[in-house]
Amino acid sequence: QGSLDELAWRAEKRAEPSGDEIEIAVEASGLNFRDVMWALGLLPEEALEDGFAGPTLGMECCGRVVRAGKGASRFNVGDRVITFAPACFASHVTVTEAACAPAPEALSAEEAATIPVTFLTAYYALCHLAHLCEGETVLIHGGAGGVGLAALQLAQWRGARVIATAGSEEKRSFLRLLGADHVLDSRSLEFVDQVM
């Protein structure tokens with residue numbers, strides 16, 4: 001911790017999958033701001049110890065199943081999957097198959113590896129907690145970021161009206177292009193009155 005220049009690979013014993021676990025040969029991992037903050041020593045270990053990934057680097061990846069536990073039934077060796085798991089900056093990850101989904105074939109491994117954190121975050125917030133429904137309106141503040149773009153797609157899928165904000169004209173144009181109903185400047189407090 002403390003310097004990105006000090007990061008180095010270290011050999012670890014690969015865990016044998018048991019129960020419904022599968023082992024994935026990682027092709028690409030997603031880099032999240034939390035990883036950068038942790039690597040730079042800007043997050044105390046206590047901030048991560050109760051989290052899903054704990055004090056590790058990498059929370060999402062794409063790869064191919066190479067081994068499966070006896071209770072695993074959803075995926076076969078060779079299947080391409082995405083997962084939300086701890087320590088994804090590794091050559092192999094062992095995780096319960098319930099935390100995996102088939103990787104979209106139209107996407108590269110690098111593209112697919114960015115799906116779990118952004119879409120699970122947006123889905124949990126909009127669909128599970130807020131129960132967003134057709135005809136409702138949602139404000140997506142910072143809509144051009146990863147979670148914001150996922151939220152925009154999920155809100156459109158649910159039939160909601162989307163008000164999105166972004167900090168630059170280029171990002172606001174991008175949100176308009178993607179179909180946001182109203183796009184406002186996040187760098188000015190004027191957006192509050194404009195939303196109303």
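Glu60 is an odd one: this residue is buried but has no salt bridge, and the nearest side chain of opposite charge, Arg34, sits 10 Å away. Keep in mind that this is a predicted model. The protein chain has six helices and eight strands, and 36% of its 196 residues count as buried. Here's a quick tour, starting with that lone glutamate.

**Glu60 and its surroundings**
- You'll find Glu60 in strand β2.
- What lies 2.8 Å from a polar atom of the Glu60 side chain? The backbone nitrogen of Val117 does.
- Glu60 counts as buried because its relative accessible area falls under 20%.

**Overall layout**
- Reading from the N terminus, the elements go β-α-β-β-β-β-α-α-β-α-β-α-β-α.
- The C-alpha trace of the protein chain spans about 55 × 40 × 30 Å along its principal axes.

**Salt bridges**
- Searching the whole structure turns up ten salt bridges.
- One of them pairs the side chains of Arg10 and Glu12, at 2.8 Å from N to O; Arg10 and Glu12 are both exposed.
- Glu27 and Arg64 also meet through their side chains, with an N to O distance of 3.6 Å. Glu27 belongs to strand β1 and Arg64 to strand β2, so this pair ties together parts that are 37 residues apart in sequence.
- Glu27 is partly exposed, at 40% relative accessible area, and Arg64 is partly exposed too, at 35%.
- Arg172 and Asp185 make another salt bridge, at 3.3 Å from N to O. This pair links distant parts of the chain, with Arg172 in helix α5 (residues 169–177) and Asp185 in strand β8 (residues 182–185), 13 residues apart.
- Is Arg172 buried or exposed? Arg172 counts as buried because its relative accessibility is just 11%, while Asp185 comes in at 28% and counts as partly exposed.
- Arg14, Glu16, Glu23 and Arg67 are joined into one network by salt bridges that share partners.

**Surface patches**
- Which residues form a negative surface patch? Glu45, Glu46, Glu49 and Asp50 do.
- Glu45, one of that group, lies in the loop between α1 (33–39) and β2 (60–68). This residue has a relative accessible area of 43%, so Glu45 is partly exposed.
- There's a nonpolar patch as well: Leu4, Leu7, Leu40 and Leu42 make a surface patch of about 360 Å².
- Leu7, from that nonpolar patch, is in the segment before β1 (21–29). With a relative accessible area of 47%, Leu7 is partly exposed.

**Backbone angles to look at**
- Ala87 has a phi near 55°, a positive value in a residue other than glycine.
- Ala87 lies in the loop between β3 (80–84) and β4 (92–96), and its relative accessible area of 32% makes this alanine partly exposed.
- His131 isn't a glycine either, yet its phi is positive, at about 50°.
- Where is His131? Look in the loop between α3 (115–129) and β6 (137–140).

Methods: Residues are numbered from 1 along each chain as its sequence is written. This is a predicted model: local features need pLDDT of at least 70, side-chain atom pairs count only at pLDDT 80 or more; totals for chains, interfaces and linings use all residues. Side-chain values use heavy atoms; hydrogens and water are left out. Patches are made of residues with over 30% relative accessible area and no salt bridge: like charges are joined within 9 Å, nonpolar side chains (Val, Leu, Ile, Met, Phe, Trp, Tyr) within 5 Å. Accessible areas come from the Shrake-Rupley method with a 1.4 Å probe; for residues, only the protein chains shown count as cover. A salt bridge is a side-chain nitrogen of Lys or Arg within 4 Å of a carboxyl oxygen of Asp or Glu. Lys and Arg count as positive and Asp and Glu as negative; His and the chain ends are not counted. The place of a charge is taken as NZ of Lys, CZ of Arg, CG of Asp or CD of Glu. Helices (H or I, at least four residues) and strands (E, at least two) are DSSP runs, numbered from the N terminus. Buried means under 20% relative accessible area, exposed over 50%, partly exposed in between (1.4 Å probe, protein chains only). A polar contact is a pair of N or O atoms within 3.5 Å; within protein, one must be able to donate a hydrogen and the other to accept it, and residues adjacent in sequence count only if both atoms are side-chain atoms.
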